[in-house]
Amino acid sequence: DEPTNHLDIVATVRFERVLSEELRIPFCLVSHDRQLLDAVTMQTLFIRDKQLYFFGHSYTGAKEQLLELDEATRRRAQDEAKEIRRLQDSADKMQAWVRVNSGLAGRYQTLRARAEALRNNRTQVSREKKRELSVADTTVRAKSALRVEDYEVKREGGRILYRVDSMNIGTGDRI
C-alpha cells in the first residue's frame, strides 16, 4: 500500500526494478504513483461505486478502458431513458383510448409495466465525483522559516559528514 511514499528517487527506481525484473511471484500493489503502476503492473483493479472493475492492462491502459466503459454506460442509460419516455408516452396516449375501448386495457397495462420495469432496472452511471483541492494563498510573514543550530549530519557508524553551526532558512530560499 503506497510503497513509494517515503522513498527517494534512487530507492524508488530500485524498488521498481525489483518488482518488474527480479520478483517472480504475483503481487498486489496499491498506489497513486501512476508511473510506478505503469512500469510494474500487467493487470489493474478499480474499486468504484461499490463495484470491482478488472482490466488486463497496466494503469494507463486500464484507465482508458474504464473511461470507454463509462461512455458506453452513459450512452446505454440515455437510450434507456428515451425508451422509457417512448413507452410512457404511448401508455399515456393509450389510456385515453382505454376509456372508449376497454379491450385495449391489457395492452395499456403491458406498456405501463414495461416502462416501470425499465425505470426500476436502469443502467447506473458512475457517481464518481471530481475532486478539487484548493489551498488558501497565505503569505508567511516570518523572516525565517527554519533555524538550525549546532547540528551534525552523520553516516551510519557515527562518522560526521558535516556540521551546521548556525543556519537560517528564509521563506523563498532555495537549498
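## Pro3 and the segment before α1

Setting aside residues up to four places away in sequence, Pro3 makes contact with Phe15, Leu29, Val30, Ser31 and Leu36. The model described here is predicted. Pro3 belongs to the segment before α1. With a relative accessibility of 24%, Pro3 is classed as partly exposed, because it falls between the 20% limit for buried and the 50% limit for exposed. One of its contacts, Ser31, is 28 residues away along the chain, and the C-alpha atoms of Pro3 and Ser31 are separated by 7.1 Å.

Thr4 is also placed in the segment before α1. Its relative accessible area is 9%, so Thr4 is buried. Not counting residues up to four places away in sequence, Thr4 touches Thr12, Phe15, Ser31, Asp33 and Leu36. Phe15, Ser31 and Leu36 appear in the contact list of Pro3 and in that of Thr4.

## Leu29 in the loop between α1 and α2

Leu29 lies in the loop between α1 and α2. At 17% relative accessible area, Leu29 is below the 20% limit and therefore buried. When neighbours within four places in sequence are left aside, the contacts of Leu29 are Pro3, Leu19, Leu36, Leu37, Val40 and Thr41. The contact with Pro3 ties this loop residue to the segment before α1.

A long-range distance is also available for Leu29. Tyr151 is 122 residues from Leu29 along the chain, and their C-alpha atoms are separated by 38 Å.

## The largest pocket

The largest pocket holds about 1200 Å³ of space. It is lined by 35 residues, and those closest to its centre are Leu29, Leu37, Thr44, Leu45 and Phe46. Two or more lining residues come from each of α1 (9-22), α2 (34-40), β1 (44-48), β2 (51-55) and α3 (59-100). Of these elements, β1 gives the most, with five residues.

Sorted by class, the lining has 19 nonpolar, six polar and ten charged residues. Leu29 and Leu37, both among the residues closest to the pocket centre, are in contact with each other. Phe46, another of the residues closest to the centre, also takes part in ring pairs.

## Aromatic pairs and a charge over a ring

How many aromatic pairs does a search of the whole structure find? The search finds two. In one of them, Phe46 and Phe55 are arranged edge-to-face, with 6.0 Å from centre to centre and 70° between the planes. The angle is over 60°, which is why the pair counts as edge-to-face, and the centres are within the 6.5 Å limit. Ring pairs join Phe46, Phe55 and Tyr59 into a cluster.

Are Phe46 and Phe55 buried or exposed? Phe46 has 13% relative accessibility and so counts as buried. Phe55 is also buried, because its relative accessibility is 9%.

Tyr53 has a charged partner. The charged end of Arg48 sits over the Tyr53 ring, at 5.3 Å from the ring centre.

## The loop between β1 and β2

Asp49 is located in the loop between β1 and β2. Although Asp49 is not a glycine, its phi is positive, at about 50°. At 28% relative accessibility, Asp49 counts as partly exposed.

Lys50 is placed in the loop between β1 and β2 as well. Lys50 has a positive phi of about 60° and is likewise not a glycine. Its relative accessible area is 84%, so Lys50 is exposed, the limit being 50%.

## Gln65 in helix α3

Gln65 is part of helix α3. With 29% relative accessibility, Gln65 is classed as partly exposed. Leaving aside neighbours within four places in sequence, Gln65 is in contact with Phe55 and His57. Phe55 thus has a contact with Gln65 in addition to its edge-to-face pair with Phe46.

Further along the chain, Gln124 is 59 residues from Gln65, and the C-alpha atoms of these two glutamines are 18 Å apart.

Technical notes: Residues numbered from 1 in each chain as written. Predicted model: local features only at pLDDT ≥ 70, side-chain atom pairs only at ≥ 80, totals over all residues. Heavy atoms only, no water. Phe/Tyr/Trp six-rings, centres within 6.5 Å; stacked < 30°, edge-to-face > 60°. Buried < 20%, exposed > 50% of the residue type's maximum accessible area, 1.4 Å probe, protein only. Lys NZ or Arg CZ within 6 Å of the ring centre and 35° of its normal. 1 Å grid on protein atoms, 1.4 Å probe; cavity = no way out; pocket = protein on both sides within 12 Å on 5 of 7 lines; lining within 4 Å. Points joined across faces, edges and corners; volume = space filled by probe spheres on them. Helix = DSSP H or I, 4+ residues; strand = E, 2+ residues; numbered from the N terminus. Nonpolar A, V, L, I, M, F, W, Y, C, P; charged D, E, K, R; others polar. Contact = heavy atoms within 4.5 Å.
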